[in-house]
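Let's take a walk through this structure together. We'll start with one helix, look at what it leans on, and then step back to the whole chain.

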Amino acid sequence: MKRICMIIMAFVIMTMGSAAAYNPYAPNQFDTMDRNSWEYTSLCTLTKEGLTNADMSKFSPMYSLTRYEMAQMVQAAIHNRNRATDEQKEVIDKLANEFANDLQYTENNAKTTESSEGIPFAWQKGGNTK
């Protein structure tokens, strides 16, 4: 009887531990973004103005833009910030604040890819970067 109780207790503890590790409120970088969100519309505007190094096909109704792709566009907009107007700079700063955690991963990923893999694939222009 003690053995069965111990097995049940171990199962309950393992189940509770794994359930507590999952955070359903953490943003998933591979989730598709809502087309009505301010982030989506702001990036669409910045892309039309040539500040994200992406083409407008990313904003097609047939394409589901992910949070990770948007973070890469924000990163490109930050690098092109010197070409932006004051209003666009405010939008870029607001997007940079919103995507701060995601930008860490895109920057680290870009550095790792360039140093260890050679020439990374540039999805923004549809080809290699060099």
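Begin with helix 2, where a whole set of residues is tucked away: E39, Y40, S42, L43, C44, L46 and T47 are buried. Keep in mind as you look that this is a predicted model. What do those buried residues of helix 2 pack against? They have two partners, helix 3 (67-79) and helix 4 (86-98).

Take helix 3 to begin with. As a general point, a pair of packed helices is described by the angle between their axes and the distance between those axes. For helix 2 and helix 3, the axes come within 11 Å and cross at roughly 45 degrees. That angle is why helix 2 counts as oblique to helix 3. On the helix 2 side, the contact is made by E39, Y40, L43, L46 and T47, and on the helix 3 side by M70, M73, V74 and A77. The crossing of these two helices is left-handed.

Now turn to helix 4. Here the axes are 11 Å apart, and helix 2 packs with helix 4 at an angle of about 135 degrees. So helix 2 is oblique to helix 4. The crossing with helix 4 is left-handed. If you want to find the spot, look for W38, E39, S42, L43 and L46 in helix 2, which meet Q88, V91, I92, K94, L95 and E98 in helix 4.

With the neighbours in place, let's zoom in on two threonines. T41 sits in helix 2, which covers residues 38-48. Is T41 buried, partly exposed or exposed? Its relative accessibility is 39%, so T41 counts as partly exposed. The side chain of T41 reaches back to the backbone oxygen of W38, at 3.1 Å. You can also relate T41 to F59: they are 18 residues apart in sequence, with 9.4 Å from C-alpha to C-alpha.

T47 is the other threonine to look at, and it also belongs to helix 2. T47 counts as buried because its relative accessibility is 5%, and the cut-off for buried is under 20%. Where does the side chain of T47 reach? It goes to the backbone oxygen of L43, at 2.7 Å. The side chain of T47 also has a polar contact of 2.8 Å with the side chain of T52. Setting aside neighbours within four places in sequence, T47 is in contact with T52, A54, D55, M56, F59 and M73. One of these, M73, is part of the helix 3 side of the packing we saw earlier.

Just past the helix, there's a small detail to spot: helix 2 is followed by G50, which has a positive phi, near 80 degrees.

Time to step back. The chain has 5 helices and 2 strands, and from the N terminus on they run α-α-α-α-α-β-β. Of its 130 residues, 32% are buried. Among contacts between residues at least 6 apart in sequence, 65% join residues at least 24 apart.

Finally, how far can you lean on the picture? The mean pLDDT of the chain is 78, with 69% of residues at 70 or more. Over residues 111-118, pLDDT stays under 50, and the model has 4 contacts beyond four places in sequence for them. Where pLDDT is low, the predicted coordinates should not be read in detail.

How values were computed
Residues are numbered from 1 along each chain as its sequence is written. Side-chain values use heavy atoms; hydrogens and water are left out. Helices (H or I, at least four residues) and strands (E, at least two) are DSSP runs, numbered from the N terminus. Buried means under 20% relative accessible area, exposed over 50%, partly exposed in between (1.4 Å probe, protein chains only). A polar contact is a pair of N or O atoms within 3.5 Å; within protein, one must be able to donate a hydrogen and the other to accept it, and residues adjacent in sequence count only if both atoms are side-chain atoms. Contact means heavy atoms within 4.5 Å. pLDDT is the predictor's confidence in each residue, from 0 to 100. Axes are lines fitted to C-alpha atoms, for helices over the stretch in contact, and angles run from 0 to 180 degrees between N-to-C directions. Angles under 35 degrees count as roughly parallel, over 145 as roughly antiparallel, 65 to 115 as roughly perpendicular and the rest as oblique. A crossing is left-handed if the near helix is turned anticlockwise from the far one by less than a right angle, and right-handed if clockwise.
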